[in-house]
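Work through the exercises below with the structure open beside you, and try each task before you read its solution.

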Amino acid sequence: MATYTADIEWTLSDGEDFAKGRYSRGHTLSFDGGTVVPASASPHVVGKWAVEAAVDPEEMFVAALSNCHMLTFLHKARQAGFAVRAYRDHASGIMEEIAPGRMAVTKVTLNPQIEWDGAAPDPAALAHLHHQAHEECFIANSVKTEVTVV
């Protein structure tokens, strides 16, 4: 068993009105290795009170699924005897209402582009590697969102 931590910090700025919802959703995320990430609510959720340049929870969710899939895929490809030179993904997520007043990211689509060093797997072997990666990805196993690799 492993434990993972993150520290989240937000402070009301002078002149903001918390009671009226007029406050920045900007905050920081800090991780044990010393990385600090500017974060915010999504502009799609809170409009002008979001910090557009910061990462929002929905983006982090999509990125976590993509990141876990990639790391697991690289491992499975290596085990299968293939050498990956580069892996890029432009992942996207769809958020929609799942019940009155309840929203969820219901679908994440991964679009990996892989460069091989040497022989590349045929389409069936590639699909099998992605299937294995999805089945073993810790994050995908932790959520009920539909995850598709195209």
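The exercises that follow concern a predicted model, and each one is solved step by step.

**Exercise 1. Describe how helix H2 and helix H3 pack, and decide which word fits the angle between them.**

Solution. Begin by locating the two elements: helix H2 covers residues 57-79, and helix H3 covers residues 123-136. Next, take the geometry, in which the axes lie 8 Å apart and the packing angle is about 125°. Angles over 145 degrees count as roughly antiparallel and those from 65 to 115 as roughly perpendicular, while an angle that fits none of the named ranges is oblique. H2 is therefore oblique to H3. As a last step, note the sense of the crossing, since H2 passes H3 in a right-handed way.

**Exercise 2. Find which residues make the contact between H2 and H3, and sort them by character.**

Solution. On the side of H2, the contact is made by His69, Thr72, Phe73, Lys76 and Ala77. On the side of H3, the residues are Leu126, Leu129, His130, Gln132, Ala133, His134 and Glu136. Sorting the residues of this contact gives 5 nonpolar, 5 polar and 2 charged.

**Exercise 3. State how many aromatic pairs the structure holds, and classify the pair of tryptophan 10 and phenylalanine 18.**

Solution. The structure holds 6 aromatic pairs. In the pair of tryptophan 10 and phenylalanine 18, the ring centres are 6.0 Å apart and the planes stand at 50°. Planes under 30 degrees apart would count as stacked and those over 60 as edge-to-face, so the pair is tilted. Tryptophan 10 itself has a relative accessible area of 34%, which means that this residue is partly exposed.

**Exercise 4. Explain what the pair of phenylalanine 73 and tyrosine 87 ties together, and decide whether each residue is buried or exposed.**

Solution. First consider the rings, which form a tilted pair with 5.7 Å from centre to centre and 50° between the planes. Then place the partners: because phenylalanine 73 lies in helix H2 and tyrosine 87 in strand E4 (residues 84-89), the pair ties together parts that are 14 residues apart in sequence. For burial, the cut-off is a relative accessible area under 20%. Phenylalanine 73, at 0%, is buried, and tyrosine 87, at 13%, is buried as well. Finally, look at the wider setting, where ring pairs link Phe73, Phe82, Tyr87 and Trp116 into a cluster.

Terms used:
Residues numbered from 1 in each chain as written. Predicted model: local features only at pLDDT ≥ 70, side-chain atom pairs only at ≥ 80, totals over all residues. Heavy atoms only, no water. Axes fitted to C-alpha atoms, helices over the stretch in contact; angles between N-to-C directions. Helix = DSSP H or I, 4+ residues; strand = E, 2+ residues; numbered from the N terminus. Parallel < 35°, antiparallel > 145°, perpendicular 65-115°, else oblique. Left-handed = near helix turned anticlockwise from the far one by under 90°. Contact = heavy atoms within 4.5 Å. Nonpolar A, V, L, I, M, F, W, Y, C, P; charged D, E, K, R; others polar. Phe/Tyr/Trp six-rings, centres within 6.5 Å; stacked < 30°, edge-to-face > 60°. Buried < 20%, exposed > 50% of the residue type's maximum accessible area, 1.4 Å probe, protein only.
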